[in-house]
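Please walk through this model with the sequence and the coordinates side by side, going from a sheet to the helices that cover it and then to the loops and the surface.

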Amino acid sequence: MILLDGKKVSKDRALELKAQVSAFRVAPTLAILQVGDDERSSAYIRQKKLFGEKIGCKVLHVTFENAVAHSDIIEKVKALNADVAVHGIILQLPIPANLDSRSIIEAIDPKKDVDGLHSENAKKLADGEESGFIPATAKGVISLLDAYKIPMSGKKATVVGRSALVGTPTALCLTNRGANVTVVHRATVNIPTKTKQADILVVAAGHAKLIDSRHVSPGQTVIDVGINLVTGEKLEDEIPKKKLVGDVDFDAVKDIVGAISPVPGGVGPMTVLSLFENLILAYDRMRTGNRN
Ligand code: NAD
């Protein structure tokens, strides 16, 4: 079994990005908007900041109170759109339910939408066009497959999950690479038949250990996107520890499949890497005036 080591791929690629950025006149700058202080969001933002700084980019962390007015966020987005020193803008999700994330994302200049969630960029991806931005996780999945030279063209791929953030763009990216893609979700019947038939199985359901030995077949490539915080086993007198697991029961499938990405250390680092690849792309397009 080949371990698809996203951590290593990301580390190697970071060195290349750092060299690329050091030749730029100004540092590519990413603004991250956060509403409230959700612990997981803060942890993701810390990871993004660390990675960005490591490769010589700037990260502006813009925070809002939970009670912020929707219009205040829109005003800030407009100011960042107009700021030539800012090359990328993302809204850290989720945000409080009383705020409308869609209209905030639509307010971001599509040329600075490095999360690729603006409808203009989503449409470009759906049209098979490369001139927009591909959502970071989907891009990370494809880069991980590329890094291990796993062929996509003509292969059968199954994607578990159809969210706008992960499942749908990943399925589109695989389609654009020539794969024959099946998407399964909560309402799908007989999921194991559809996951077993795939050469490439991508799982993004947000459900710990959803995929086990009944869902996989020998030689498959499995990409586990899921990040679930579960309570580990409780030993006598010990406080149960929280740990991160994926959507795939790694131990149950590792001796069956041909290749698998671990959690943590698989898609997570590839997502952060891809966000900054998008930022550098945004910077480069602005610098060269090629704003497509
Ligand atoms: P989501 O809740 O928006 O979507 C989940 C999708 O999975 C839905 O389409 C749903 O129909 C499907 N699904 C849920 N339970 C299912 C089941 N039992 N059987 C079949 N399909 C099922 O979640 P999301 O934003 O797409 O995220 C999915 C997972 O990926 C989460 O664990 C999230 O934390 C993780 N994630 C990881 C990264 C990363 O960088 N590794 C980035 C984003 C999200």
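In β3, which residue is the bridge partner of Ala31? The model is a predicted one, and in it the partner of Ala31 is Leu60. This pair belongs to a set of seven bridges that join β2, residues 29-35, to β3, the two strands running parallel.

The sheet around this pair is an open one of three strands, in the order β3-β2-β4, with parallel pairing. Because β3 (58-64) and β4 (88-91) each have a single partner strand, they stand at the edges, and one side of each is left without a neighbour in the sheet. On average, and with direction ignored, neighbouring strands of this sheet are turned by 20° against each other.

Two helices can be followed across these strands. Helix α3, residues 70-82, lies across β2, β3 and β4 and runs at about 180° to β2, while helix α10, residues 267-288, also lies across β2, β3 and β4 but runs at about 125° to β2.

Helix α10 also takes part in salt bridges, of which a search of the whole structure finds nine. Within α10, the side chains of Asp284 and Arg287 meet in a salt bridge with an N to O distance of 2.6 Å; these two residues are three apart in the helix, about one turn, and Asp284 is partly exposed at 26% relative accessibility. Another salt bridge leads out of the helix, for Glu277 is joined to Arg13 with the closest N and O atoms 2.7 Å apart. This pair links distant parts of the chain, since Glu277 lies in helix α10 and Arg13 in helix α1, 264 residues apart.

Arg13 has a further partner in Glu16, the two side chains meeting in a salt bridge at 2.7 Å, N to O. Because Arg13 and Glu16 are three residues apart in helix α1 (residues 6-22), they are separated by about one helical turn. Arg13, Glu16 and Glu277 are thus linked in a network of salt bridges, and its members differ in how they are covered: Glu277 counts as buried at 13% relative accessibility, whereas Arg13 is partly exposed at 27% and Glu16 is partly exposed at 47%.

A residue of helix α6, Thr137, is buried as well, with a relative accessible area of 15%. Leaving aside neighbours within four places in sequence, Thr137 is in contact with Val166, Val225, Val267 and Thr271.

The loops hold several backbone features that deserve a look. A cis peptide bond with omega of about 0° joins Leu93 and Pro94, and Pro94 is placed in the loop between β4 and α4 (101-107). The peptide bond from Val263 to Pro264 is cis too, with omega near 0°, and Pro264 sits in the loop between β11 (259-260) and α10.

Positive phi values in residues other than glycine are found at Lys149, where phi is near 55°, and at Lys209, where it is about 55°. Lys149 lies in the loop between α6 (136-147) and β5 (156-160) and is exposed, with a relative accessible area of 72%. Lys209 lies in the loop between β7 (200-203) and β8 and is partly exposed, at 48%.

At the surface, Ile227, Leu229 and Leu244 make a nonpolar patch of about 230 Å². Of these, Ile227 belongs to the loop between β8 (221-224) and β9 (228-231), and with a relative accessible area of 33% Ile227 is partly exposed.

Terms used: Residues are numbered from 1 along each chain as its sequence is written. This is a predicted model: local features need pLDDT of at least 70, side-chain atom pairs count only at pLDDT 80 or more; totals for chains, interfaces and linings use all residues. Side-chain values use heavy atoms; hydrogens and water are left out. Patches are made of residues with over 30% relative accessible area and no salt bridge: like charges are joined within 9 Å, nonpolar side chains (Val, Leu, Ile, Met, Phe, Trp, Tyr) within 5 Å. Accessible areas come from the Shrake-Rupley method with a 1.4 Å probe; for residues, only the protein chains shown count as cover. A salt bridge is a side-chain nitrogen of Lys or Arg within 4 Å of a carboxyl oxygen of Asp or Glu. Helices (H or I, at least four residues) and strands (E, at least two) are DSSP runs, numbered from the N terminus. Buried means under 20% relative accessible area, exposed over 50%, partly exposed in between (1.4 Å probe, protein chains only). Two strands pair if DSSP finds at least two bridges between them. Axes are lines fitted to C-alpha atoms, for helices over the stretch in contact, and angles run from 0 to 180 degrees between N-to-C directions. Contact means heavy atoms within 4.5 Å.
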